[in-house]
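Colleague: I should like to learn how to read disulfides and helix packing in a model. Could we take these features in turn?

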Amino acid sequence: MLLSKTLRASWSIGLAAALLAAVPPGRIARAENIVGDRAVAAHLLDAAASEGAFRHLRALQDIASVSGGNRAAGTPGYDRSAEYVAERLKGAGYLVQLEEFEFPFFEERVPPVLLVSTPDGRQEPAPAAALRTLTNSGSGSVTARLRAVSLGLAAGPPLASASGCKTTDFEEFERGFVALIRRGTCTFQAKVENAAAAGAAGVVIMNEGTDGRTGVFSGQLSQLAPIPVVGVSYELGCSLDIAARGGATVRLEVNAVIGKRLTRNVLADTAFNSDSSFIIVGAHLDSVPEGPGINDNGSGSAVVLEAALRLARGSTQARAGVRFAFWGAEERGLVGSRHHAGALSEEVRRHIALYINLDMVGSPNFARFVHTSAVTGDGLAAVVQRELLADFREHNLTVEERAGGSGSDDESFSQKGIPTIALSTGAYGPKSETEANLFGGAAGHPYDPCYHKACDTIENINREVLEQNTRALMRALNAAAIAAQALGAPSQKAVDLPEPQSPRVE
């Protein structure tokens, strides 16, 4: 959305007042930095430079604190985060654009309800701790018979499941029933689409029961569903299967706000030769609704922003040929980065030498991962890979190289045939014994125990690994700039970087 000067001014005044009212007196000076007078803001940024990327995390935490506790896409918290980033970049001299797009919005009002009624009149509510609504579920209340769909349950340890993955799984399914499906093999979206096409009034997806897939789980559909969809633990699913075979009826309720909303990516460019290769450095700026998302992914956004600001203090050549991107609605299914990558012309796509992604680079029980996809030869992508690894190793820091994508916004670009490199320090998975020996920390515990939770606050950040990733990224970008000049890239007579189809912020 193109923000007028008047709108931006009134927004800044309003947010500044909200922040000043919300933060303790000892932190007022920092809060004013978020939206205050540009000259004052620049002074405060210089004074806080020793904090590096962490200063931006302080700002994002303050924004979340006055915005309902999160910075999710489609909410004031995200819009304020985007404004903070845009103002910092504009003040540093970048050409800033807001790239608007539509995404499926989902916000649950109250927890779901699953009530089981047996033929003999007994009613048993499902334990709240074993039941969760899938993001992008339909909203509503249905009461209907429960019918299991190709669960594949048998004596012995559970095997991998393909329940609901084929339309033929629903050949004997009766329209109007609630489908009980087992997790596994295909996406939640495919299972729900098949169930809806067969006439299901709702869907209950039980966990698979294999290693690591037994308890209640959080899931997300890639599109808004027309019917209520919940996930349950394996244990509860087995009980529901027995109830279904006994003719049980269930009442399934999901109460949520669903629909389409607009949000935006923040893009920052410098001028460069349109015939030259360039690099995109990006991170998603949105959080989940459950919390402020300071590690996921305030940390990646803070490092990208800090790198852009540090490059801006150097020569024009150092930041030429780089686009900095802050993606919206990643937590809704990589929507922002997919929108941008999908809108690129073939000519522009061919000029992208590399996409660099940073997602969760401040995990408290961290490892250091460098994910690479299609990085070959001795071009800019190879230079960046070499220098990233060299910076870690020259500082005696263990780093693990991983082939393939990181499961974040880098996938949007690798799917377009663009080489990608991604930095991460681990998400919800448990750290292995081997990794604990290599990186330190606690084996058997998540890299980030606050992943997608309300506790993902400023206290959830390891500042040392955050700065290590910032330093490595800076070294790689500076090396890429030198290599680009050697290849005959950006000069002082540069032209504007080809723009996405969105208005520039004036």
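Modeller: The dialogue below treats the disulfides, then one helix and its neighbours, then a pair of packed helices. Please keep in mind that this is a predicted model.

Colleague: How many disulfides are there?

Modeller: A disulfide is a covalent bond between the sulfur atoms of two cysteines. In a model, the pair is recognised by sulfur atoms within 2.5 Å. By this rule there are two disulfides. When the bonded cysteines are numbered in sequence order, the pairing reads 1-2, 3-4.

Colleague: Which cysteine is joined to Cys165, and what is the handedness of the link?

Modeller: Cys165 is bonded to Cys186, with an S to S distance of 2.1 Å. The angle about the S-S bond is -95°, and the link of Cys165 and Cys186 is left-handed. Cys165 lies in the loop between β4 (140–148) and β5 (178–182), and Cys186 in the loop between β5 and α6 (188–197), so the pair ties together parts that are 21 residues apart in sequence. Cys186 has a relative accessible area of 23% and is partly exposed.

Colleague: Which residue is the partner of Cys450, and is Cys450 buried or exposed?

Modeller: The partner is Cys455, again with S to S 2.1 Å. Cys450 counts as buried because its relative accessibility is 11%, under the 20% cut-off. Cys455, at 36%, counts as partly exposed. The link of Cys450 and Cys455 is left-handed, with -115° about the S-S bond.

Colleague: Let us turn to α6. Which residues of this helix are buried, and what do they pack against?

Modeller: An α-helix has 3.6 residues a turn, so residues three or four places apart point the same way. In α6 the buried residues are Phe188, Gln189, Lys191, Val192, Asn194 and Ala195. The buried residues of α6 pack against β5, β6 (202–206) and β7 (229–232). After α6 comes Gly199, which has a positive phi near 95°.

Colleague: How should one describe the packing of two helices, and at what angle do α12 and α15 cross?

Modeller: Two packed helices are described by the angle between their axes and the distance between the axes. Here α12 (residues 380–394) and α15 (residues 463–486) have axes that come within 8 Å and cross at roughly 140°. The crossing of α12 and α15 is right-handed.

Colleague: Which residues of α12 and α15 meet?

Modeller: The α12 side includes Leu380, Val383, Leu388 and Phe392, and the α15 side includes Arg471, Leu473, Ala476 and Ala480. By class, the contact of α12 with α15 has 13 nonpolar, two polar and five charged residues.

Notes. Residues are numbered from 1 along each chain as its sequence is written. This is a predicted model: local features need pLDDT of at least 70, side-chain atom pairs count only at pLDDT 80 or more; totals for chains, interfaces and linings use all residues. Side-chain values use heavy atoms; hydrogens and water are left out. Helices (H or I, at least four residues) and strands (E, at least two) are DSSP runs, numbered from the N terminus. Buried means under 20% relative accessible area, exposed over 50%, partly exposed in between (1.4 Å probe, protein chains only). Contact means heavy atoms within 4.5 Å. Axes are lines fitted to C-alpha atoms, for helices over the stretch in contact, and angles run from 0 to 180 degrees between N-to-C directions. A crossing is left-handed if the near helix is turned anticlockwise from the far one by less than a right angle, and right-handed if clockwise. Ala, Val, Leu, Ile, Met, Phe, Trp, Tyr, Cys and Pro count as nonpolar, Asp, Glu, Lys and Arg as charged, and the others, Gly among them, as polar.
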